[in-house]
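Welcome! Please take a look at the structure below, and then we will walk through some of its parts together.

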2 protein chains.
Amino acid sequence: MTPTITAFEASPDRGRGMARDMRVRWALEEVGQPYDVRLVSFAEMKQPAHLAVQPFGQIPSYEEGDLAIFETGAIVLRIAETHKGLLPENEAGRARAISWIFAALNTVEPPLVDIQFATLFERDKPWAAERLAMIQERARKPLGFLSKRLGEAEWLDGEFSAGDLMMAGVLFRSKPSGLIDEHKNLAAYVARAEARPAFRRAFADQLEVFKAAEAKGLSSAPPR
Amino acid sequence: MTPTITAFEASPDRGRGMARDMRVRWALEEVGQPYDVRLVSFAEMKQPAHLAVQPFGQIPSYEEGDLAIFETGAIVLRIAETHKGLLPENEAGRARAISWIFAALNTVEPPLVDIQFATLFERDKPWAAERLAMIQERARKPLGFLSKRLGEAEWLDGEFSAGDLMMAGVLFRSKPSGLIDEHKNLAAYVARAEARPAFRRAFADQLEVFKAAEAKGLSSAPPR
């Protein structure tokens with residue numbers, strides 16, 4: 001059965017691959033699973049029909065027959081569990097790959113998202129620079145441990161897995177912070193991820209959606 | 001095989017159930033799985049032996065034979081997958097429960113943790129109040145959606161699941177923010193979780209560890 005995901009009708013990132021559907025598209029491309037996309041406007045995201053599937057009024061969501069789930073992590077895990085190629089066959093390796101998915105989302109990403117918020121919403125404050133320096137220090141800690149663990153390896157734990165997809169997806173999204181480039185091996189890790197054909201197809205597809213929205217004159221500015 | 005988890009030798013929260021091993025203990029108590037605890041000092045957490053299991057130098061970790069994993073979310077999911085009682089038997093319900101685990105950790109928790117950081121590290125800044133108000137507004141959004149979705153239900157999606165354990169665990173930890181009490185149904189949801197015998201046993205056990213550390217004169221102040 002072909003799954004359906006949701007994505008922004010007009011992405012606020014203007015098609016730069018920052019919207020969360022990017023990771024889901026990438027996972028689906030990695031396993032060769034075709035999918036449909038239902039585009040939603042900012043207004044539709046807060047309506048009951050969408051909230052029934054995505055209780056926080058966000059994208060993406062994932063529907064497959066009578067199964068309807070939300071949260072990028074849960075969706076990528078579901079895709080990895082039901083297709084070959086994104087989780088090791090052995091139990092211990094599979095459990096470690098799942099640990100990396102959670103590490104990406106709960107340890108590495110939160111301070112990086114906080115930097116994005118600070119950059120967007122605090123930049124005009126007189127205390128912006130002082131606060132940015134504080135949050136950068138907080139974000140550097142997990143990145144330092146991650147860099148040390150990765151070392152010169154190609155991926156985090158043997159073959160490319162859903163754990164790498166999520167971790168590289170998180171780092172890719174935070175390249176504008178400048179913090180990823182402080183570790184040569186992390187920058188190279190993200191570059192390897194971006195070079196994967198599945199990543200490139202997913203990126204091209206989400207960019208296509210944005211270009212179509214722009215051609216139609218749809219606003220990509222989310223309501224505050 | 002009896003699993004072994006790691007926990008703070010002397011918890012910085014002084015045994016108030018805020019350390020992340022609490023959620024793992026709680027899950028193990030829910031499924032009736034006995035476990036061993038290896039206590040680690042702040043210095044040991046940054047040593048190679050611990051980093052081999054927990055790459056970010058944190059607690060908890062979970063070892064079971066040759067399986068060694070990290071991240072609370074991954075550990076709770078592993079416990080739920082290998083025991084009865086924390087995930088629905090049907091596939092769609094199971095996938096939704098996993099969505100709630102990720103929602104707790106990647107949508108609800110990050111802004112609440114940010115409030116904890118602001119309260120700890122920004123309180124002496126002249127801009128502390130202005131910034132706290134901003135981050136409170138950010139944290140209120142997912143809480144509002146969560147409250148609306150929960151409504152008058154006992155748990156998020158039918159029977160108590162690992163999704164409730166993680167969500168209630170996140171909310172419990174953020175009670176000091178005052179934001180949970182802004183929604184009567186969320187406060188009652190956390191109270192129901194705290195009343196569960198498994199929660200109470202887990203809480204008592206982690207408190208016992210802290211009291212023993214205090215009796216030995218161990219410092220519970222983490223190095224900055």
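## Helix 1 of chain A

Right after helix 1 of chain A comes A:Gly32, with a positive phi near 70 degrees. Helices (H or I, at least four residues) and strands (E, at least two) are DSSP runs, numbered from the N terminus. This is a predicted model, in which local features need pLDDT of at least 70, side-chain atom pairs count only at pLDDT 80 or more, and totals for chains, interfaces and linings use all residues. Residues are numbered from 1 along each chain as its sequence is written, chains are lettered from A and ligands numbered from 1 in the order in which they are written, and side-chain values use heavy atoms, leaving out hydrogens and water.

Helix 1 of chain A spans residues 21-31, and ten of its eleven residues are buried, so the rest of the structure largely encloses it. Buried means under 20% relative accessible area (1.4 Å probe, protein chains only). Among these buried residues are A:Trp26, A:Arg23 and A:Glu29.

## The sheet of chain B

In chain B, four strands make an open sheet with mixed pairing, in the order 2-1-3-4; two strands pair if DSSP finds at least two bridges between them. Strand 2 (36-40) and strand 4 (67-70) of chain B each have a single partner strand, so they stand at the edges with one side lacking a neighbour in the sheet. From one strand to the next, the twist averages 25 degrees.

Strand 1 (residues 4-8) of chain B runs parallel to strand 2 of chain B, and five bridges join them. One pair of bridge partners is B:Phe8 and B:Val40 of strand 2 of chain B. Helix 1 (residues 21-31) of chain B packs on the sheet, where it touches strand 1, strand 2 and strand 3 (61-64) of chain B; contact means heavy atoms within 4.5 Å.

## Two crossing helices

Helix 6 (residues 128-150) and helix 8 (residues 184-194) of chain B pack at about 75 degrees, their axes 9 Å apart. Axes are lines fitted to C-alpha atoms, for helices over the stretch in contact, and angles run from 0 to 180 degrees between N-to-C directions. Helix 6 of chain B is therefore roughly perpendicular to helix 8 of chain B (65 to 115 degrees). Residues making this contact include B:Leu143 and B:Leu146 of helix 6 of chain B, and B:Leu186 and B:Tyr189 of helix 8 of chain B.

Those four residues also appear among the contacts of B:Leu171, which touches B:Leu143, B:Leu146, B:Leu186 and B:Tyr189, among others.

Notes:
Parallel < 35°, antiparallel > 145°, perpendicular 65-115°, else oblique. Buried < 20%, exposed > 50% of the residue type's maximum accessible area, 1.4 Å probe, protein only. Lists of a residue's contacts leave out its neighbours within four places in sequence.
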